[in-house]
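Welcome! Take a moment to look over the sequence and the 3D view below, and then try the exercises at your own pace.

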Amino acid sequence: MQRIIVLTNLMINYNMKFLLQCPCSEGKANILLLLAIVAGIWLLAGWIKRVLKKKGDTLMNKIAKIAIVIVLIVAVIIVIVIKRHQSGEDISLATDAVSLGQAAPVGLPAEYKPENLVGKGLPALIDIGAGTCIPCKLMAPILEELEKGLQGKAIVQFIDLNKYPGAAKEYRISVMPTQIFYDVSGKELFRHEGFYSREDILAKWKELGVDLSEQQSKLPVFERLATAQNDNRPKENICYMCDGDIKQKILVKVQTDKGPVRLCSPHCYFIMYSCLTEDKNDFEKKVSVTDWTTGQPVAATEAVYLYSLDSQTGRPTIKAFANKASAEAERATSGGSITGWQILQEKELAHRCGFCDRAVYPEDAALVKADGLHTWGCCSHCAMGVAARTGKDIEVHEKDRLTGEKIIVKTFNGSIASLEPVTAVAWFGQRQKPDGTWASAGCFHQGFFVSAENLKKWVEQNPYKTGRLISINQALTDKMKLSPQQIQKACKIGECVPK
Ligand SMILES: [Zn+2]
Ligand SMILES: [Zn+2]
C-alpha cells in the first residue's frame, strides 16, 4: 500500500515540477500555483488513503479507482500545457506577469504604434507576444530570420507585451503571440493566434497575394538592348579583356593558337593570364610589351618595368622598357621602382577575385568579408558569387560606378540580409551572341549603383553598354543557383566573355 502512495506522490510531484518549470508561468504567479498544487496533493493523498482503508473493495478495485483519478489529473495537466504551448496564452496571464514583474511602463511608444509601423509602402508582419511565453520564445528566431531575410521587402516587428502592455489594446489582441499581416497601404489582411512557423508565414503571405521571394515587381524596368552608338573603333585599338581603348605606348600582344590578342596594359594581360584554362607553362614566351621610349615591341620576359602608384587612385601604373638605362631615365622624372618580369607577375597576381580567381587591383574591386577573412570581387556580381562559392554569409563593400558612393550588402543563408542604401540596384551587362541568345558581357561590364537614376546616367555616359537593371537580390540569386562545376569555370576565358 505504502508503495502505491509513494508512486502516486512521485507521479504528482513529477507533474508539479513540470508545471513549475514551465516558463509560461512567471515569478510570483508560481507561488500561488505551488500552493494550489500542494493543497491538491494533500487532498488527493487523503482521498487515496481513505480508498485504500475502505473495507469491502478488492485491492484491484482500489488500485483501479486510484489509477483512473490519477490518469484524469495527468490528462488535464497535459491538455492545459499543450494548449498553452501551441495556441498561445491568454492575454490576462501576460498582463498578470507584467503587473507582478518589474514596474510596467504605460502606453506604447510612438514607434510601435500601428500608424508608424504599417502602411509604409511595404507589407508588414507585426508579432505581439512576451519574451517569457513558450510559443513566443519559439517564434523569436523565426522573426529574427524573417526580419533579416525580408529587409527591404517587408517590415517584420516583434512587440514585447512585458515591456509594452499597451500594445494589447492598441492591436486588439487577446492571445499571445498574435501575428498580424498588413498590406502595403496598412490594411489588415489576416491575423493568427499562437505559434506560426516560417513556412506557414511565407505561405500565408503568398496566399494573400504578396510574394516575398522576389523583389522584381517593385523595380523600375530599365534595359538597353542595342548600343547607343555604333562602335566604329578599329578592332586593333580595342582591348581584348576590358574593351577599353589601346594606347600604343603600353600595348601588350599575345600570340595564341587562335591568333594575336591585343591588350591595353600589362594589367589586362595578367587578368587574362589568371583566367586561362589552357596550360600556362612557358606562356610568357608568347607575350610582347611595348618600349615606352621607342614604341617598339620587346619580349615581355626581357623588358624592365617601372612600377609606380597613381597618386590619385593608388592604382599601380606600369611602363615597359627595352633596357634598364631608359627605365632609369624615366624614373628620374616620374619616380617609381624598377623591376623585372618575375616580380611584376608576382605583384600582379597577388590579389584575386574570391569568386572567379581573376587577378584584381583591390582599388578597383569590391571588398568581400566572409567569416572574418577579406577577399575581393573583380566585379559586383563576382562579389555576390563569393557567398555561392564559400557557402558563407558575406558582407560586400562596393562603390557606385558613377559616383563612387558606398554600397554595403550583407547576406544571410544565401539571401540579402541588408542593403545600404535600400535603393541600390545592379546593372547586368549582357551581350547578344551571334545565335541571338544573351550572355553576360563579362566582369568589366557589371556594376552596382546607389539608385536606378545613377545607373541610367552611367548607361547614358557609356554608349556601348547593353544589358538591364536587376535587383541586387537577383544578382545574388543568379550566383546562388550555380552548380559547383559552373562556379569552378566561372569567368574563365571562353566560358564567360562572348567575343
Ligand atoms: Zn584592357
Ligand atoms: Zn571575378
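The exercises below look at loops, a sheet and helices, each with a worked solution.

This is a predicted model, in which local features need pLDDT of at least 70 and side-chain atom pairs count only at pLDDT 80 or more, while totals for chains, interfaces and linings use all residues. Residues are numbered from 1 along each chain as its sequence is written, and chains are lettered from A and ligands numbered from 1 in the order in which they are written. Helices (H or I, at least four residues) and strands (E, at least two) are DSSP runs, numbered from the N terminus.

**Exercise 1.** Find which residues are joined to proline 177 and proline 421 by a cis peptide bond.

Solution. Start with proline 177, in the loop between strand E4 (175-176) and strand E5 (178-182). Its cis partner is methionine 176, and omega is about 0 degrees. Next, go to the loop between strand E19 (415-420) and strand E20 (425-432), where proline 421 sits. Here the cis bond comes from glutamate 420, with omega about -10 degrees. As background, most peptide bonds are trans.

**Exercise 2.** Decide whether aspartate 243 and aspartate 282 are buried, partly exposed or exposed.

Solution. First, the rule: a residue is buried if 20 or more other C-beta atoms lie within 10 Å of its own, exposed if 12 or fewer, and partly exposed in between, with C-beta atoms placed from the backbone. Aspartate 243, in the loop between strand E7 (223-224) and strand E8 (252-256), has 17 such neighbours and is therefore partly exposed. Aspartate 282 lies between helix H9 (266-274) and strand E10 (287-290); it has 8 neighbours, so it counts as exposed. While you are there, check the backbone: phi is near 65 degrees in aspartate 243 and near 60 degrees in aspartate 282. Most residues other than glycine have a negative phi.

**Exercise 3.** Work out the strand order of the open sheet that contains E8 and E10.

Solution. The four strands run in the order E9-E8-E10-E11, with antiparallel pairing. Two strands pair if DSSP finds at least two bridges between them. At the edges are strand E9 (259-263) and strand E11 (297-299), each pairing on one side only. From one strand to the next, the twist averages 30 degrees. Now zoom in on E8 and E10, which are joined by two bridges; in one pair of partners, valine 254 is matched with valine 287 of E10.

**Exercise 4.** Locate the buried residues of helix H13 (residues 452-461) and say what covers them.

Solution. The buried residues are Asn454, Leu455 and Val459. Because they cover an arc of only 135 degrees around the axis (taken from the directions from the helix axis to the C-beta atoms), they lie on the same side of H13. Glu460 and Gln461 are exposed on the other side. The cover includes E7, E20, strand E22 (447-449) and strand E23 (467-470); contact here requires C-beta atoms, placed from the backbone, within 7 Å.

**Exercise 5.** Describe the surroundings of cysteine 264.

Solution. Begin with its place, the loop between E9 and H9. Cysteine 264 has 21 C-beta neighbours inside 10 Å, so it counts as buried. Leaving out residues up to four places away in sequence, it touches Cys239, Cys242, Gly244, Asp245, Ile246 and Lys247. Finally, look at asparagine 237: it is 27 residues from cysteine 264 along the chain, and their C-alpha atoms are separated by 8.4 Å.

Technical notes: Two residues are in contact if their C-beta atoms, placed from the backbone, lie within 7 Å. Axes are lines fitted to C-alpha atoms, for helices over the stretch in contact, and angles run from 0 to 180 degrees between N-to-C directions.
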